[in-house]
Amino acid sequence: MRLHSLTITAFGPYAGTETVDFAALSGAGLFLINGPTGAGKTSVLDAVCFALYGRVPSVRNDAKDLRSQHAPPDRAPEVVLDVTIRGRRFKVTRSPKWERPKRRGQGTTEEKAKVLLQEWRGGAWETWSTRFDEAGQFVTDLLGMSAEQFCQVVLLPQGDFAAFLRAGAEERRAVLEKLFATEVFAQVETWLAERRRESGRAADELRLAAESVADRAAEAAGAVRPELTP
């Protein structure tokens, strides 16, 4: 997966519209998201996760709280992610549900959550889906991991990294296997263990057959069967 750009509007601590040009940042191969506590570093990662899956990690996964409390009442929250996954370029536009002022009269009315999944084809953005279930399943299948796995394997911001370190050995093993694609080594280990068991069974069968032949030979000769060394 390669991020190209992220545009955030009225999302988390960002009251206005902010754009992160990942294409420029990743030119050197690595980049650092740095800033003081409360600067919005985690919210950038939240926005990426929200764009892909329609949710954010762990305890922050409350769509009602995703809209910036500092934004003007009529400003719609929105996240736009431009990303390449498995050689295909997509643009995902998502908005959480939110309460906007009524156009007539007092009070507010609820705006439903929205999603627009587009793919770059033939020099233009082509709409792929506007359905939550369809877009979510497509991203899950394309990335090969659920939202929970994505948060564990790809996103380990702040407290989530500490939670990973405190996790049980089996849980950490599953995450690291996914992260470093070590499943093939586990498969080789399983294969070797099975070959060892099969070789052990074959050796036992040969030993029993040899003992049977030795017993019959000793009986025919009227002698005591010699002990067979393993």
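These are my notebook entries on a cavity, a surface patch and some salt bridges in one protein structure.

**Entry 1: the model**

I reminded myself before starting that this is a predicted model.

**Entry 2: empty space inside**

I began with the gaps between the atoms. Rolling a probe the size of a water molecule over the atoms shows where empty space is left. How many cavities of 30 Å³ or more are there? I found a count of 1. The volume of the largest cavity is about 40 Å³.

Next I looked up which residues line the largest cavity. I noted Leu52, Val83, Ile85, Phe90, Val92, Leu117, Phe138, Val139 and Leu142. Three elements each give two or more residues to this lining: β3 (78-85), β4 (88-95) and α3 (132-143). Which element gives the most? I wrote down α3, with 3 residues.

I then sorted the lining of the largest cavity by class. My tally was 9 nonpolar residues, with no polar and no charged ones.

**Entry 3: a patch on the surface**

I moved on to the outside of the protein. Here I found a nonpolar surface patch of about 520 Å². Its makers are Val184, Phe185, Val188, Trp191 and Leu192.

I picked Val188 for a further look. Val188 sits in helix α7, which covers residues 183-221. Is Val188 buried or partly exposed? I put Val188 down as partly exposed, because its relative accessibility is 42%, and that value falls between the cut-offs of 20% and 50%.

**Entry 4: salt bridges**

Charged side chains came next. Side chains of opposite charge can pair when their charged atoms come close. I counted 13 salt bridges in the model, and I looked at some of them one by one.

*Arg89 and Asp82.* These two form a salt bridge, and their closest N and O atoms are 2.7 Å apart. I checked the cover on each partner. Arg89 is partly exposed, with a relative accessible area of 34%, whereas Asp82 is buried at 10%. I also noted that Arg89 belongs to strand β4. While I was there, I looked up Arg89 together with Gln118. They are 29 residues apart in sequence, and their C-alpha atoms are 8.6 Å apart in space.

*Arg100 and Glu111.* How far apart are the closest N and O atoms of this salt bridge? I read off 2.5 Å. The pair links distant parts of the chain, with Arg100 in strand β5 (residues 98-101) and Glu111 in strand β6 (residues 108-111), 11 residues apart. I then asked about burial. Arg100 counts as buried because its relative accessibility is 14%, and buried means under 20%. Glu111 is buried too, with a relative accessible area of 17%.

*Arg121 and Glu119.* The side chains of Arg121 and Glu119 meet in a salt bridge, at 3.1 Å from N to O. I found Arg121 partly exposed, at 39% relative accessibility. Glu119 is buried, at 6%.

I followed this last pair a little further. Which residues are linked with Arg121 and Glu119 in a network of salt bridges? I added Arg88 and Glu126 to my notes.

**Entry 5: looking back**

I made a short recap for my next session. The lining of the largest cavity has no charged residues. Among the salt bridges, Arg89 with Asp82 pairs a partly exposed residue with a buried one, while Arg100 and Glu111 are both buried.

Note on methods. Residues numbered from 1 in each chain as written. Predicted model: local features only at pLDDT ≥ 70, side-chain atom pairs only at ≥ 80, totals over all residues. Heavy atoms only, no water. 1 Å grid on protein atoms, 1.4 Å probe; cavity = no way out; pocket = protein on both sides within 12 Å on 5 of 7 lines; lining within 4 Å. Points joined across faces, edges and corners; volume = space filled by probe spheres on them. Helix = DSSP H or I, 4+ residues; strand = E, 2+ residues; numbered from the N terminus. Nonpolar A, V, L, I, M, F, W, Y, C, P; charged D, E, K, R; others polar. Patch = residues over 30% accessible without salt bridge, like charges linked within 9 Å, V, L, I, M, F, W, Y side chains within 5 Å. Areas by Shrake-Rupley, 256 points an atom, 1.4 Å probe, with all protein chains shown as cover. Salt bridge = Lys/Arg side-chain N within 4 Å of Asp/Glu carboxyl O. Buried < 20%, exposed > 50% of the residue type's maximum accessible area, 1.4 Å probe, protein only.
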